[in-house]
Each structure stands twice: as structure tokens, then as C-alpha cells.
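Please explain how the parts of this chain meet one another. A walk through a few chosen sites will do.

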Amino acid sequence: MNSLSNLLDGFVSVLSVQNLLYAAIGVTIGTLVGVLPGIGPALTIALLLPVSLQLDDPTGTLIMFAGIYYGAMYGGSTTSILLNTPGESASVATSIEGYQMARHGRARAALATAAIGSFVAATISTVLLAFVAEPIATLAITFRASDYFALAVLAMVTVTAMVGASLARGLMSLTFGLFLGLVGIDSLTGQARFTFGVPELLDGVDVVTVIVGLFAIGETLYIASRLKDLPAKVAPLEPAKGGFAWLTRQDWARSWPAWLRGTLFGFPFGALPSGGAEIPTFLSYTVEKRRSKHQDEWGKGAIEGVAGPEAANNASFSGVLVPLLTLGIPTSATAAVMLAAFSYFNISPGPQLFEKSTDLVWALIASLFVGNVMLLALNLPLIRVWVKVLQIPRPLLYTGILVFATLGVYAVSGSVVDVLIAYAIGVLAMFMRRFDFPIAPVILGLILGPMMETQFRRALLLSDGDMSVFVTRPLTVTLLGLAVVALALPHLPKVWARLRGGSAQRLSFAEDD
């Protein structure tokens, strides 16, 4: 009942004119950017982060970022269905059947089942978030310094081991992020670390500078370098043929079970480190294909193949918010960027968030319901507008992003050195993408590295320097044990196949926004 009461208070806050405006801006920008091929929610939030930090309204800013995240997911389905170009890995499963539906003159039905399924999944998963998050936060209050250290290790190791095709490349990315987090004056000893005599580095490398460099500049340079590879032909949008919301009675009957099953896959996987949206979307696609009574339609445009994955994709976002809000642990790149936004307003996500910032966190959760309604109203009636967005000249678009990113970094820091650092990191990020180095471990190392170091030192201070504190507390040992399992997990299919005399690839997942 306490959660319900707090949620109602959150609705009172979010239904103010100002917060509704923030939510509307967020979902509109998110959809606009999500429609553009190759641009995901992490880049969008990174690009807007410097500007938003000037608003001096943490509640409104975070509501806007949540709207961008959801909106980008909605927009990504449009690109997948009409252009067969998923903007992020989570939309790949949608494009398989969605593009085939569009080619066979059923683009509106594919877009409708994706939009309505996203709304249903996001609404159900947000209800789960509202009633699951506070009990977990209450449980997490019992965490001690050694537990937090182990939790940070688990999050970093899991994401590094599971993302990308090579563990070595993942560890190199993580090391780079940890190095960036160490730059500056050591808060305990007062010694300068890795400043190389540059006074501007004494305060450390600004998180916003790194985020803009990695996601806005790096991603844009990478996409611009392969413009010729991007398709330009958009599937035509056929005239509306009737039915409720462009769906026939048979489409509704085939879609709603897939929406519910997709939701059940998306929410729990989103809460896991590296679980993200890619695993549940493909899991949903596989289950729907096996259960389908219309096997002859698969590969030619089966509507369940769009309904299930899109529901799983959107449900995973609420799952991502569970560890972010209750433990302060981001499980995706976009969540890490949102964590940086929290820290800029001196708000620490974690067990204390529900006690110290009750109004903010419940307004944020309530805004997810409001944002979903806005997205449903925006997507279907305005589909022709979003299709027009696909026709913006790419060179003009990417030039604008670079100019905006440069102005954003300079507006926050007022330092040319920070702009140069952002571009140096951006060029490095472009080559990391080119040579298949994952980006998510960098941002996790930067954000979780200092927290891990602080908790490690606290644990040692409280135990008078006794290292056994990390192996005597059951919860700490369990979390560290799970980190070891996560390190070995990607290799298990290969080992199992060899024992049976066959061969298999290392288990890995594409980097998920």
C-alpha cells in the first residue's frame, strides 16, 4: 500500500504543466532520434546531457531522459520495419518479420502491433517496477562496504564478459574506463594521479566530457565513415484499410498473447547485468515461432514475430531501472549515462534514494506511465511525419550533431582542453567500434570504478586492514562467486560442444544501448 500511495503522489507531481512538458519533449525527441538509423538512446541522452544540466531541475530532467529512452525504442521499431535497419541491437528481431510485412503491403499492421505491444509491455513492466523496486531498496540498505565492492565487481565483470566477441577486448575497454576514473586528485591522500602536469585534469576527467566523446562524437564519426553502407530505400506505407488501429480481428487475436509473453521475458532480463533487451527479444521471437499455428508465414511477415520482440524490448527498460534505482548499478550503456545525470544533481541512486529523494523517484516512475500514453498518441497518427524524418540528408544531420556536441561540452566546462579531450575520446571510440571493442565497459569502469575503490577502502578501514572481510561475509562471497561464474559463462557452450565431439562459438551478445 505504501508503494501505491507513493505512486499516486508521483502522479500528482508529474501531472504538473512543467513536468508534462518535460515528458512531451523527451518522448518527441526520443522518437525523432530513434527513427534515425544508427542513432540510439545513449547518443541522444549524451548529446542532451550538457544542455539539460543547465536546467537546474533534476526531476524534470530525469523525466525527460526517461521519455527519450522510451521514445527511442518506439522510433527504433519504425526504422526496423520500414527500412530494415535496426538502430540498436534490441530491434534486430523486430526487423526480421517487420520488414517482410512492410514488403507485402502490411507496414501499418506491423507498426501498429509494435506500438500497441510496446505500450502494453511498458505499462505492465512499470507496474512491476513500482511494486518491486522499493522492497529491493529496503533489502539493499543492509548492504555493507564489502558487499558494494563485490556488487560493482559483478556488474563490471558481467557486462565485460558477455558483451562483444572477445573477452580480451572487453577487459581492455574496462581498463581504459577504470584509468579515466582514476585521473585527478586522490580524495584520501591528496596526491595527483595521471594528470601529466595538466592543471585542468586535477579535478579529474568530467563524466559529461567522456560520455559526449564516447557516444555522441564517436558514434557519429563511425556512422559517417560508413554512410555508403546505410540503405536509403524506405518501404512504402500502404493506404489504411480499416480495422481497429490498422489491425484486423485476427491480428489482435494473434498479437495480444505475444505481447504478454514478450513482457514476461523483457522485465527480468532487463534487470540483469548485460541482460539488456537483446536476449529477451530473440528469446521472444524463438518462442513465438515455435508456438505459432502459421508456420508458413515465418520469414514472409508473421505478426507474432513483431509483437513479441517489441513487447520484450520495451519491458526490459523498466527492468533496467530496478538495479539502477535500488542499487545504483547500471546494466546498460544508456543506464550508465542516466546514472551520470543523477550524480550531476548530487543524487545517488541506491538504497537511500527511496528515502532521501522520494518525490523524485516516484515522479520518475509515474512519468513512465504518462510517457507511454504520449508515445501511443504520437506514433500511430503521426507515422507519416516520422517517415519524412528518414529523408533528412545524412551529412547535414551528422554535422549538426558534432556542432551540438562541441557546444555542449564547452558550455558545461568552459574549457578548450575538455573539448579536445572529448574529441580525442571520440576518435578513439570510433576506432573501438571499427575494431569491435565494446563501449559499455568503458563507461561502467569510469562510473563504477571510483565507487568500487571507495567501498574497497571503506571495507579495509572498518576491518583494520583485514583482507578477509571480502571472504567471510556470505553476501560478499556470493556476489564475487557470481562474478567468477559470469566470467566463465560465455565459454560454457564451447566447452560443452567439445565434450560432445562438436564445435560451437563463444557465447556473446551485441552491445545493447
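Is Tyr 285 buried or exposed? With a relative accessibility of 10%, Tyr 285 counts as buried, because the limit for that class is under 20%. The model is a predicted one, and the values that follow are computed from it.

The ring partner of Tyr 285 is a convenient place to continue. A pair of aromatic rings is described by the distance of the centres and the angle of the planes. A search of the whole structure gives 11 aromatic pairs. One of the pairs joins Phe 11 and Phe 369, with 5.6 Å from centre to centre and 40° between the planes, a tilted arrangement. Phe 11 belongs to helix H1 (residues 2-14) and Phe 369 to helix H15 (residues 358-379), so this pair links distant parts of the chain, 358 residues apart. The two rings fall into separate accessibility classes: Phe 11 is partly exposed at 24%, while Phe 369 is buried at 15%.

Tyr 285 pairs with Trp 298, and here the geometry is edge-to-face, with the centres 5.4 Å apart and 85° between the planes. Tyr 285 lies in helix H11 (residues 278-291), whereas Trp 298 lies in the loop between H11 and helix H12 (304-327), so the pair ties together parts that are 13 residues apart in sequence. Trp 298 is buried as well, at a relative accessible area of 9%. Elsewhere, ring pairs connect Tyr 69, Tyr 70 and Phe 317 into a cluster.

Next come two helices that pack together. The axes of H9 (207-225) and helix H18 (residues 416-434) are 7 Å apart and make an angle of about 50°. That angle makes H9 oblique to H18, and their crossing is right-handed. Residues from H9 at this contact include Val 210, Gly 213, Leu 214, Ile 217 and Leu 221, and those from H18 include Ile 421, Ala 422, Ile 425, Gly 426 and Arg 434.

Arg 434 also leads on to a ring. Its charged end sits over the ring of Phe 435, 5.1 Å from the ring centre. A second arginine, Arg 169, lies over the face of Phe 437, at 5.8 Å from the centre of that ring. Between Phe 435 and Phe 437 in the numbering comes Asp 436, which is placed in the loop between H18 and H19. Asp 436 is partly exposed, with a relative accessibility of 41%.

What is the phi of Asp 436? Its value is positive, about 65°, although Asp 436 is not a glycine. Most residues other than glycine have a negative phi. Phe 196 also has a positive phi, near 55°. This residue is found in the loop between S2 and H9 and is exposed, at 64% relative accessibility.

Thr 195 lies in that loop too, between strand S2 (192-193) and helix H9. Thr 195 is buried, with 9% relative accessibility. Leaving aside residues up to four places away in sequence, Thr 195 touches Gly 184, Leu 201 and Leu 202.

The last stop is Glu 453, in helix H19 (residues 440-462). Glu 453 is partly exposed, at a relative accessible area of 22%. Its C-alpha atom is 7.6 Å from that of Phe 149, although the two residues are 304 residues apart along the chain. With residues up to four places away in sequence not counted, Glu 453 touches Leu 182 and Arg 193.

Definitions and conventions:
Residues numbered from 1 in each chain as written. Predicted model: local features only at pLDDT ≥ 70, side-chain atom pairs only at ≥ 80, totals over all residues. Heavy atoms only, no water. Phe/Tyr/Trp six-rings, centres within 6.5 Å; stacked < 30°, edge-to-face > 60°. Helix = DSSP H or I, 4+ residues; strand = E, 2+ residues; numbered from the N terminus. Buried < 20%, exposed > 50% of the residue type's maximum accessible area, 1.4 Å probe, protein only. Lys NZ or Arg CZ within 6 Å of the ring centre and 35° of its normal. Contact = heavy atoms within 4.5 Å. Axes fitted to C-alpha atoms, helices over the stretch in contact; angles between N-to-C directions. Parallel < 35°, antiparallel > 145°, perpendicular 65-115°, else oblique. Left-handed = near helix turned anticlockwise from the far one by under 90°.
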